[in-house]
Amino acid sequence: MSPLREEELRNEPRLVADPADWLKSAAVYHVYVRSFQDTTGSGTGDLQGVLQRLPHIISLGADAIWLSPFYASPMDDLGYDIADHCEVDPLFGTLADFDELVSAAHGAGLKVMIDLVFSHTSDRHPWFEESMADRTNPKADWYVWADPKPDGTPPNNWLSAFGGSAWTWNRQREQYYLHDFLPSQPSLDFANMDVRKALLDIAEFWVARGVDAFRIDTLNSYFHDRDLRDNPPAPSQGDGRHPAANPFAQQLHLYDRVQRGDIGPLESFVAAIEMLGATTVVGEIGNRLKARDGQGLARCYTYCLPRALLNAEEMGARLAEAIDQSPDGRIAWALSNHDHTRHVSRFGGHGGEIDQMARLSAALLVSLPGAISIFQGEELGLEEAAIPHEQLRDPFAIRFWPDLKGRDGCRTPMVWDGAAHNAGFSVGESWLPVQEAHVARCVAAQDGDPSSLLAFYRDALAFRRQTVEAGEGRPGAPRGEGSVLAFRRDFDGQCLLGVFNMSREMAVHQEADVPSDFSPGEVLPGSALPAEGRFDLPPFGFFVGRYKV
Ligand code: BGC
C-alpha cells in the first residue's frame, strides 16, 4: 500500500439502495492494463502499475475497477486469447501481484471486476491441444468440430468477426473447428457440461482470490445452431460496425450467435457464478441480443450508448428504447471502451469543442440509470490516436488496414506526466506510441486545476455518489425536442432532472421550460441554472440537479 497517501485511501461511502447489489448503479473505472502503467520498463503496463496508480482511480470517485485480461496468453488478440485462465502472464506480473492489487483496492473501498473470456481459448490452451489430437480423446467435444462438405469446403457460410471464414481446417482430425474471432481463438462448445464445469472452476478460483465481479466477454458467442444452418444475408449492407471492408456485416447472424431460446442455460450459468460468493456479473451481450431478451439473466448488461452524438430526438429515442429493454434498471452504459473509437472523436469533436463535448457526455452518463463505466483516459478528454501501419498491434486493424482503423487508436498509453519519458507511462519503449496530442492533457497538467475536465469528472462522480436517484431512480422516458434532451428520475421523494443542449451549432443557445413543481436542490457543478422559469442552455450546456417533489 506504500504508493497510497493516507488521505487518498478512501472515498466517502456511496449512497446506494442495497449495498449487496452494489454493481447495479456503480461507477466502474475500466483499466486496459497493457496501457495504464508500466513498472518494469518492458513498454507494457502491468498489475504493479495499476497498484501504483490506484490513487488516481480513487481520487476520481470510482466504485470499482474493471481489469482487462492479464492471463497467460500468446497475445494474438492482446490477451483475449487465453492459454491458462488461472495464471498471470509474465508480461503483467504474477499471481502475488494480483493478490496485492486486490487487497489494496479493497482497502481503499474499491471492488474488483475482471474479464472472463469463456467463449473461446487460445489454440495453445492445453484443452485445445488435447481436443485436436484425435476424435476420441476426453476433450474431443470441448470445441466445435465439424466435417467438411463433400467438396472439402467448410460446413457452412459462417464468417469470423475478424475476417474470413469462421472455420479452420485441422489436419489431425480432418475436420474444421469454429472460431468467431481469430483462427487461433477456437470456440468452446458451451453446450458441453464438462466445459461449463471447467469454466465454473475458473470463476471459483478467482472468487477465492477476492474478485467481486466478472464481466463475461462476448456472451452472445456462447451458442450456435446445432444443425449448423447457413446464415441468411442481412437485409441491408451492414450494421455500421463493420463497413464494406468486412463482409461479416452482410449476414444476419441468426445461426452463429446466441438467440432468445438460449437464454435458459446462460441464466443458470450466470446464477451458478453468482452463487460462488458475493460475486456479481456483467454479461457483454452486444447489440444482437437486446437487453430485454436477456431479462432472464440475473444480471445482464449491454453497452449501448450511441456511436454518434445524435440529435436530441434520436438520442432520446435510443435511450428510451434501452431503458425500456431493461425495466429492472440492470443496464450498463459506457461512452468509450477498448473496442471502440474514443467518444470525443466518434462524436466529431474538434479543438475547443472537445472539452465541452466531453463535459456534456459525462453529465449525461452520470445521470443515467444503472451502472456506468469510464474508460481510462476519457476523464482527460483523450482523442482517438492515429497509428501508422507499421506500429499497429490489433489483429483486426492489421487485417483490414487501411479500410478499417481497428482498436489501437483507443488503446494507447495513459499520459501521467508531460515532463517524463513516455509521459510517465514507461521508461522503456512503449508497446503503442504515446500520443503527442495527449501529453498536453496529461494527469499532471489537469490535476489541481478546478476548471479542468479531470476536475469535472471528479465532481460528476462525487455528485453521483451522493445522489441515489441518479443511479437508481425510476427512469422517466427521455424526451428529445428540437435540440434539447430532457428526463427526470424519481427515487423516494427526490427527483433528478437532466436537461441537455445536444445541438452541434456552436453559437446557438437553447431554451427549455423548468417543471412547475421545481424547487432546486444540489446541482452538478457546471450546470446552467434556470432563471425566470426557463433554462437557457449555451452550446453543449446542461443542467443536472435534484429537487424535491
Ligand atoms: C473483447 C475484444 C476481443 C473479442 C474477442 C471482445 O468482446 O472485448 O477486445 O477482441 O472479445 O476475444
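**Exercise 1.** Decide whether Arg215 is buried or exposed.

*Solution.* Start with the scale: buried means under 20% relative accessible area and exposed over 50%, with partly exposed in between (1.4 Å probe, protein chains only). Arg215 has 1% relative accessibility, so Arg215 counts as buried. A note on the material: this is a predicted model, where local features need pLDDT of at least 70, side-chain atom pairs count only at pLDDT 80 or more, and totals for chains, interfaces and linings use all residues. Residues are numbered from 1 along each chain as its sequence is written, and side-chain values use heavy atoms, with hydrogens and water left out.

**Exercise 2.** Find which residues Arg215 is in contact with, leaving aside neighbours within four places in sequence.

*Solution.* First, locate Arg215: it sits in strand S9, residues 213-216 (strands are DSSP runs of E, at least two residues, numbered from the N terminus). Next, apply the contact rule, heavy atoms within 4.5 Å. The partners are Trp66, Tyr80, Met113, Ile114, Asp115, Leu116, Val282, Glu284 and His338.

**Exercise 3.** Work out how the radius of gyration of the protein chain compares with that of a compact globule.

*Solution.* Take the rule, 2.2 Å times the number of residues to the power 0.38, with the radius computed over C-alpha atoms. For 549 residues this gives a value near 24 Å; the protein chain has 23 Å, which agrees. Then look at burial: 60% of the 549 residues are buried. Finally, turn to contacts between residues at least 6 apart in sequence: 69% of these join residues at least 24 apart.
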